[in-house]
Amino acid sequence: MIWGIFKRDMCHATRNVIAVIVSMGLVVVPALYAWFNIAASWDPYGNTKALKVAVANNDKGYKSDLIPVRVNVGETIISTLHANDQLDWQFVKSDKAIDGVKSGEYYAAIVIPKGFSADMMTLFSPDIKHAQLKYYLNEKINPIAPHITDQGATTVVNTIDKTFAKTIAQVGLDLASSILHYSQSPQMAEYMRNLNGNLTTMADTLSGASQQVTSYSQLLGSANDIVDSTGKLLASATKAGKQAQNALKQGKSGATSLTSAGANVTSSVNTALDQVSGAFDQVAAKVNKAFDAIGKDSDTAASQLATLSEQISSGESLYDTYITSLNHMRESVEQLPDSDSAKQALLEAIDREITLLEAAKGDSQKLAQQLKDASTQVTQDTAAAESSRKEILNRITSAKQSISNVRDDYATNVKPKIDALASTVSTLISQTDSMITQLSGTADGLDDVTGDVGTNVTSIRSTLGAIAKKLDSSAATVKELITKLETGGNAGDGNSDGGDGDNDADSGESDELRALATANASTLSTLISAPVALHRVSVYPIANYGSAMAPFYTILSIWVGAIILCAMLKVTISDREKAHVLGLGDTLPRIAGPSGPGNASRWGLRLDHEYFGRYAIFALLALLQGTLVCLGDTYFLGVQANHALQFLAVGWLAALVFSNIVYTLTVSFGDIGKAVAVVLLVMQVAGSGGTFPIETLPKFFQMLYPFLPFPHAIDAMHAAMAGSYGNEYLLDMVYLALFLIPSLLLGLMLRKPVIRLNNWVSRNLESTKVM
């Protein structure tokens with residue numbers, strides 16, 4: 001039954017020219033689809049010469065005294081890019097470059113700023129700046145072009161890095177070579193002798209400086225002792241100043257007492273003298289009156305004279321008060337310094353005044369006694385009364401004169417000296433007190449200073465000790481340098497007789513340095529600029545990008561071919577064909593029922609017969625598609641295929657699996673099945689890993705990856721092209737063949753319920769009069 005259906009299908013497909021052409025087209029179109037895509041992507045990264053990338057150089061260059069070579073990295077970049085054919089480099093001004101990127105004339109632009117070389121040379125300064133290129137990119141023109149131009153920009157950056165490192169290395173090697181040649185010249189030998197002499201002098205100077213610093217430290221130690229003694233002396237001065245201040249306070253108190261005593265004495269003198277002078281005048285009048293009463297009333301006269309005697313006696317207290325005041329004043333004067341020349345004169349004047357007062361007091365006492373005696377005589381001897389009267393009046397006159405002498409002497413000698421001395425002493429005490437106060441403040445300040453000086457001297461001595469150690473260390477270092485220079489000079493001259501191991505090592509290092517300096521500077525600088533070379537070892541190498549993409553486009557075209565077959569060929573068998581296969585004429589008997597799958601099963605034509613019978617021509621055309629596309633890849637395009645038969649076998653198996661899947665979906669679901677086949681195509685284009693690694697795809701596609709036929713077919717074709725690791729090829733072929741199981745299960749065992757569902761869907765679609 002299957003053979004009968006296939007034979008009739010072949011006869012119908014070759015019945016006329018149009019049928020043959022269509023059949024050939026069904027075989028050829030998928031192959032063309034694959035070949036066009038493979039050829040178009042054969043070597044895209046090798047054909048980037050037409051991509052226009054603008055380059056603008058604004059670099060002003062750099063030159064310094066450190067490196068006497070003018071460096072212009074921008075010019076170096078331009079020279080390098082002139083020889084680079086990776087991209088279509090366009091050398092223009094910066095404004096045109098930027099505008100060209102915006103307009104789409106250039107895919108990208110690289111602008112070298114004016115300070116580019118200067119920024120790169122900041123490598124030798126503390127303030128390092130990163131040199132930056134300005135890279136303008138038009139990302140809307142093409143999705144792949146930005147990545148290609150990025151690669152070009154990376155090439156420029158790598159070129160800059162290598163050029164810069166090479167330039168610096170070459171300058172350094174040239175400088176080392178020049179130094180080595182100069183070191184072997186007579187001028188260098190003379191310079192080394194002078195250098196050794198200067199270094200020896202420097203070492204001696206450093207040692208002498210260390211000793212001098214040590215002496216300074218010891219001197220400061222002695223100075224510290226002097227400062228301590230000074231501090232103690234100032235403390236004593238401060239104490240003496242305080243004592244002097246106390247003495248001055250006492251002196252000031254004495255001067256104040258002296259002034260006060262002088263004032264009191266003056267007041268007492270004036271009062272006493274006035275009272276006594278007036279009293280004596282009254283006494284004289286009363287004495288005359290009393291004596292005039294003698295004879296008339298002797299008792300009354302006697303009583304009056306006795307009263308006058310008592311009054312004179314009572315007036316003696318005034319002399320005592322005055323004498324007491326003068327004694328107080330004398331005590332105050334005695335408190336003054338002995339060095340004062342006015343002190344003794346004032347004491348003598350006070351003593352003379354006291355003597356006069358005592359004489360006046362004696363006269364008063366005598367007067368009182370005479371008055372008392374006269375009062376007695378008046379009552380006894382009237383004749384002698386007149387004589388007593390004269391004596392009493394004379395005594396009164398004498399007493400008044402004594403008082404006048406006291407007052408005149410006090411006013412003339414004592415009071416002026418007291419006032420002058422009090423004023424002088426007060427002024428002196430004030431000035432001395434101010435001076436001692438200043439001295440005390442100065443002493444306190446100097447005491448603080450001496451304390452600070454002591455602390456600072458200790459700190460300075462510690463610092464000087466550290467400086468002395470540093471100077472000794474520096475002297476030792478210089479002496480060690482002299483020894484090494486002398487040793488190096490002997491090794492360089494080659495005059496040593498073997499020397500020790502260190503000299504041999506130094507000689508070996510000198511030989512290595514000499515060999516390095518005499519080598520080719522250009523070669524060495526190139527090595528330093530790129531010390532690591534990347535050696536690519538290809539595992540399962542692929543000849544070109546087209547060969548790498550061939551499996552994806554080949555498998556994709558085979559699936560597309562299966563969809564085209566189902567779109568162009570009928571998947572169901574008509575009742576007339578069934579009747580001819582069964583030998584029943586042109587039609588089935590009426591008892592067969594409505595036209596559809598399985599309606600001829602009573603005559604032996606089962607559903608599986610119909611399935612495989614019609615699928616046979618699909619399988620044949622699919623195999624022809626797979627054969628043509630694989631042979632075309634290998635022999636027409638020249639795709640790499642290390643194992644051509646395995647490569648062809650993958651195409652055959654993929655053709656059978658894909659055609660069966662699409663055929664089953666179409667025969668089971670009709671036009672909906674064709675739509676499902678297209679959806680599966682779209683899903684596999686994105687999730688097969690044919691263009692990008694599956695690990696770079698979203699998580700959904702990574703999870704879906706094992707359940708799609710494309711990845712296994714592509715991996716099997718890769719293994720056939722470049723070689724297989726173990727059983728990789730066979731496993732992928734088995735995984736691909738396993739997709740026939742669900743397809744055949746749907747087409748054979750689940751066919752009946754699916755047929756009823758498909759008929760119901762078809763009726764509803766036809767009822768729309770549109771679908």
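**View A. K93, an exposed loop residue.** K93 has a relative accessible area of 67% and therefore counts as exposed (over 50%; buried is under 20% and partly exposed is in between, with a 1.4 Å probe and protein chains only). The model is predicted, so local features need pLDDT of at least 70 and side-chain atom pairs count only at pLDDT 80 or more, while totals for chains, interfaces and linings use all residues. Residues are numbered from 1 along each chain as its sequence is written, and side-chain values use heavy atoms, with hydrogens and water left out. K93 sits in the loop between β2 and α4 (94-103). Helices (H or I, at least four residues) and strands (E, at least two) are DSSP runs, numbered from the N terminus. Between the C-alpha atoms of K93 and A54 the separation is 8.8 Å, although these positions lie 39 residues apart along the chain.

**View B. The open sheet of four strands.** The strand order is β2-β1-β3-β4, with mixed pairing; two strands pair if DSSP finds at least two bridges between them. The edges are occupied by β2 and β4 (134-137), each with a single partner strand, so one side of each has no neighbour in the sheet. From one strand to the next, the twist averages 20°. Strand β1 (residues 52-57) runs parallel to β2 (residues 88-91), and four bridges join them. One bridge partner in this pair is D88 of β2, matched with K52. Strand β1 also runs parallel to β3 (residues 108-112), through five bridges. Across that pair, A54 has A109 as its bridge partner in β3, and A56 has V111.

**View C. Two helices across the sheet strands.** Helix α3 (residues 73-82) lies across β1, β2 and β3 and runs at about 155° to β1. Helix α4 lies across β1, β3 and β4, running at about 155° to β3. Axes are lines fitted to C-alpha atoms, for helices over the stretch in contact, and angles run from 0 to 180 degrees between N-to-C directions. Contact means heavy atoms within 4.5 Å.

**View D. An aromatic cluster that includes Y615 and Y663.** A search of the whole structure returns ten aromatic pairs. Rings of Phe, Tyr and Trp (its six-membered ring) pair if their centres lie within 6.5 Å; planes under 30 degrees apart count as stacked, over 60 as edge-to-face and the rest as tilted. The Y615 and Y663 pair is tilted, at 5.2 Å centre to centre and with 45° between the planes. This pair links distant parts of the chain, since Y615 is in helix α16 (residues 607-637) and Y663 in helix α17 (residues 644-669), 48 residues apart. Y615 is buried because its relative accessibility is 10%; for Y663 the relative accessible area is 0%, so that residue is buried too. Ring pairs connect Y611, F612, Y615, F618 and Y663 into a cluster.

**View E. T634, a buried residue of helix α16.** T634 belongs to helix α16 and counts as buried because its relative accessible area is 17%. Leaving out residues up to four places away in sequence, T634 touches V639, A641 and F647.

**View F. R602 over the ring of W603.** R602 lies over the face of W603, 5.7 Å from the ring centre. A charge sits over a ring if NZ of Lys or CZ of Arg is within 6 Å of the ring centre and within 35 degrees of the ring normal.

**View G. Helix α20, mostly covered.** Of the 14 residues of α20, twelve are buried, including F710, H712, I714, M717 and M721. At 1.5 Å a residue, the 14 residues of α20 (residues 709-722) should span 20 Å, and the end C-alpha atoms are 20 Å apart, which agrees. The expected span is 1.5 Å times one less than the number of residues. Just after α20, G723 has a positive phi of about 120°.

**View H. Y540, a residue other than glycine with positive phi.** The phi of Y540 is near 55°. Y540 is in the loop between α13 (521-529) and α14 (545-568). With a relative accessible area of 36%, Y540 is therefore partly exposed.

**View I. The whole chain, for reference.** The chain has 23 helices and four strands. Of its 771 residues, 37% count as buried. Among the contacts with a separation of 6 or more, 78% involve residues 24 or more positions apart.
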